[in-house]
Amino acid sequence: MNARTPTAKRSAHRAAAFTAEAARPDRRHAILLAAEKLFAQHGYHAVTIRQIAEEAGVPLALVGYYFGPKHELFHAIFEHWSHSIEERLAGLKAVNNDPDDVRTLPRIIEAFTGPVLALRASAEGEYYALLVARELYHATEEADRVLRGYFDPLAEAYIDALHVALPHATRGQAAWGYQFSLGALLHHLNDSRIERLSHGENRRSDPAVAPMLVNFIVGGLRAALPRPKAPQKKTTPRRQKT
């Protein structure tokens with residue numbers, strides 16, 4: 001009779017316990033939230049898989065079971081939030097892009113900034129918005145992969161919209177305008193220095209200043225890419241009757 005050894009029994013017990021842990025769908029979500037929070041707070045390269053597991057309250061092996069290596073977990077965060085990009089694209093498509101309407105450019109910028117500011121102000125989207133503002137500034141392989149896969153198509157759509165709204169500008173100039181606009185948005189999301197500089201009057205990433213941010217970006221675009229002045233018509237002086 002072949003009796004199972006104590007070691008074999010312990011191994012079988014651990015395997016069964018791990019399988020039970022892996023079967024819980026909340027575990028996967030907890031890992032994703034933990035990674036999102038830690039990456040946003042400390043940066044991708046400063047965070048270990050072990051720290052993520054501890055933050056999520058799960059066994060270390062479970063992180064690899066669900067997501068594989070760390071760069072795949074990083075990518076999974078943006079896949080999880082890809083619906084927010086679709087919402088921003090839908091908001092842009094809803095704008096009636098009439099270059100002769102003075103309200104067009106502000107509406108494009110509102111569609112660009114509004115959803116992100118709302119995410120930053122929400123409990124569920126706070127760390128994701130901060131992660132975007134922090135990590136996508138850095139030219140790492142992981143960040144570039146995410147930029148190309150998720151954010152470049154969004155950027156292309158907004159550059160195209162700006163080019164239509166500012167038809168006197170080249171597309172290259174519209175692309176510069178997009179980058180400057182993005183810089184203002186990301187800095188607002190990530191900066192905490194404003195609290196000190198305002199002597200406590202302002203709070204960081206305050207969603208209440210969204211209209212001011214829109215006006216700032218719109219004003220900058222119009223100043224940097226002004227409409228050419230229409231040439232004045234030459235008038236021929238009338239001859240006086242003699």
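In the predicted model, E156 is partly exposed, with a relative accessible area of 41%, and its side chain meets that of R171 in a salt bridge with an N to O distance of 2.7 Å. Because E156 lies in helix 9 (residues 141-165) and R171 in helix 10, this pair ties together parts that are 15 residues apart in sequence. R171, for its part, has a relative accessibility of 31% and therefore counts as partly exposed. The pairing of E156 with R171 does not stand in isolation, since salt bridges that share partners join E156, D160 and R171 into one network.

A search of the whole structure finds 8 salt bridges, including the one between E156 and R171. Side chains of opposite charge can pair when their charged atoms come close. A further example is provided by D101 and R103, whose side chains meet with an N to O distance of 3.1 Å; here D101 is buried, at a relative accessible area of 16%, whereas R103 counts as partly exposed, at 48% relative accessibility. The side chains of D206 and R203 also form a salt bridge, with an N to O distance of 3.4 Å, and D206, at 16% relative accessibility, counts as buried. Because the limit for a buried residue is a relative accessible area under 20%, D101 falls into the buried class with its value of 16%, and D206 is placed there by its value of 16%.

The chain in which these pairs are found has 12 helices and 0 strands, so that, from the N terminus on, its elements run α-α-α-α-α-α-α-α-α-α-α-α under the helix and strand assignment used. Of the 242 residues of the chain, 38% count as buried. Among contacts between residues at least 6 apart in sequence, 69% join residues at least 24 apart.

Two helix pairs illustrate how these elements pack. Helix 7 (residues 104-121) and helix 12 (residues 210-224) have axes that come within 9 Å and cross at roughly 135°, an angle that makes helix 7 oblique to helix 12. The crossing of these two helices is right-handed. On the side of helix 7 the contact is made by L105, P106, I109, E110, T113 and L117, which meet A210, L213, V214, I217, V218, L221 and R222 in helix 12. When the residues of this contact are sorted by class, 10 are nonpolar, 1 is polar and 2 are charged.

Helix 10 (residues 171-190), the element that contributes R171 to the salt bridge with E156, also packs against helix 8 (residues 126-135), at an angle of about 120° and with the axes 9 Å apart. Helix 8 and helix 10 are therefore oblique to each other, and helix 8 passes helix 10 in a left-handed crossing. The residues of helix 8 that take part are A129, L130, V132, A133 and R134, and these meet L186, L189 and N190 in helix 10. The contact of helix 8 with helix 10 divides into 6 nonpolar residues, 1 polar and 1 charged.

The loop between helix 11 (193-197) and helix 12 contains S205, and H199 lies in this loop as well. Most residues other than glycine have a negative phi, and most peptide bonds are trans. Phi of H199, however, is near 55°, a positive value in a residue other than glycine, and phi of S205 is likewise positive, near 45°. The surroundings of these loop residues can be described through their accessibility: H199 is exposed, with a relative accessible area of 76%, while S205 is buried, with a relative accessible area of 12%. When its neighbours within four places in sequence are left aside, S205 is in contact with R120, H188, L189 and D191. Of these partners, L189 is one of the helix 10 residues that meet helix 8, and L189 thus appears both in the contact between those helices and among the contacts of S205 in the loop that precedes helix 12.

Notes:
Residues numbered from 1 in each chain as written. Predicted model: local features only at pLDDT ≥ 70, side-chain atom pairs only at ≥ 80, totals over all residues. Heavy atoms only, no water. Axes fitted to C-alpha atoms, helices over the stretch in contact; angles between N-to-C directions. Helix = DSSP H or I, 4+ residues; strand = E, 2+ residues; numbered from the N terminus. Parallel < 35°, antiparallel > 145°, perpendicular 65-115°, else oblique. Left-handed = near helix turned anticlockwise from the far one by under 90°. Contact = heavy atoms within 4.5 Å. Nonpolar A, V, L, I, M, F, W, Y, C, P; charged D, E, K, R; others polar. Salt bridge = Lys/Arg side-chain N within 4 Å of Asp/Glu carboxyl O. Buried < 20%, exposed > 50% of the residue type's maximum accessible area, 1.4 Å probe, protein only.
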